[in-house]
Amino acid sequence: MPTYKARAIIIKTYKLGEADKIIKMYSRQGHMIQAVAKGSRKIRSRFRGRLELFNMADMELSRGRNLDTINQAEILHAFLNIPRDFYKFIFAEIISNIILKAQTSGEGNPALFKLLYISLNEIDNAEQEDIITFKKILCFFSARFLQITGFTPMMDICSMCNKDPWDGQDGAMKTNIGFSIKHGGILCEGCLSVAGPRAQLSASSFRLLSDLFRLKIEDLRSIEIDPHSLSKVYRLIEDYIVFHTDCTVDSFRYLKKIGI
């Protein structure tokens, strides 16, 4: 069978039989790879510790009809702190599942690999149980994910009529801004009454949402964010992703259940 090499981040694993494991990973070239690691669950396996969730590894694989086969794997980066903290693991799992369930085309998307790596690295380096930081990272990931996949919300013009929502306001920021998930962005006053269900954003929530689509992670890291605005934007982006990309993630529901 023909072989190939890939650098990839492991985002899902399944048990197969008594000793094998199925690995789902996202490659540096931006492709999803599904492969079997034969004998990887044996105590003396040559893969021991190398094919754990969230590891980034260089691999040699053989192509198969339904599943490829992993022949060799060398760890390049192990996010060791993520499995040690419950909340880090949950937020990393949400990010991985969004990548896993995204309806992408057959073309590779290397930008998603870079985003995945940056986001996991931020979670790994954050303080334990720092929910505010984890939410900031997830919001950053979600905004960039929407940009990369072509679902960026309209933040400068009305998402229904394409008019300037600030026209006639002398540049003053509105204190209560309508945002429609269905229509994909903000609303002008004229469209508010006919847009159907919508979220209302304060000036600080709108500013945070706008910043997420333009700031680098290191800039966002140092910004003090109002917890209420962060929670508002966090829920809004979650609902936006589910609606527009059909990425229903069970971990989202679990966090809601425990009040996060």
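**Close-ups of a three-stranded sheet and its helices**

**View 1. Helix α5 lies across three strands.** Helix α5 covers residues 203–212. The strands it crosses are β6, β7 and β8. Its direction makes an angle of about 95° with β8. This model is predicted.

**View 2. Helix α7 also packs on the sheet.** Here the strands touched are β6 and β8. The direction of α7 makes about 145° with that of β8.

**View 3. Three strands form an open sheet.** Read across the sheet, the order is β7-β6-β8. The pairing is antiparallel. Strands β7 (185–187) and β8 (199–201) are the edges, and each pairs on one side only. From one strand to the next, the twist averages 40°.

**View 4. Strand β6 meets strand β8.** Strand β6 spans residues 177–180. How many bridges join β6 to β8? There are three, and the two strands run antiparallel. Look for F179: opposite it stands A199, in β8.

**View 5. Helix α7 runs from residue 227 to residue 245.** The helix has 19 residues. From its first C-alpha to its last, α7 reaches 27 Å. That is close to the expected 27 Å, at 1.5 Å a residue. Next comes D246, which follows the helix. The phi of D246 is positive, near 60°.

**View 6. Helix α7 has many buried residues, listed here.** Which residues of α7 are buried? They are S229, L230, V233, Y234, L236, I237, E238, Y240, I241 and T245.

Terms used
Residues are numbered from 1 along each chain as its sequence is written. This is a predicted model: local features need pLDDT of at least 70, side-chain atom pairs count only at pLDDT 80 or more; totals for chains, interfaces and linings use all residues. Side-chain values use heavy atoms; hydrogens and water are left out. Helices (H or I, at least four residues) and strands (E, at least two) are DSSP runs, numbered from the N terminus. The expected span of a helix is 1.5 Å times one less than its number of residues. Buried means under 20% relative accessible area, exposed over 50%, partly exposed in between (1.4 Å probe, protein chains only). Two strands pair if DSSP finds at least two bridges between them. Axes are lines fitted to C-alpha atoms, for helices over the stretch in contact, and angles run from 0 to 180 degrees between N-to-C directions. Contact means heavy atoms within 4.5 Å.
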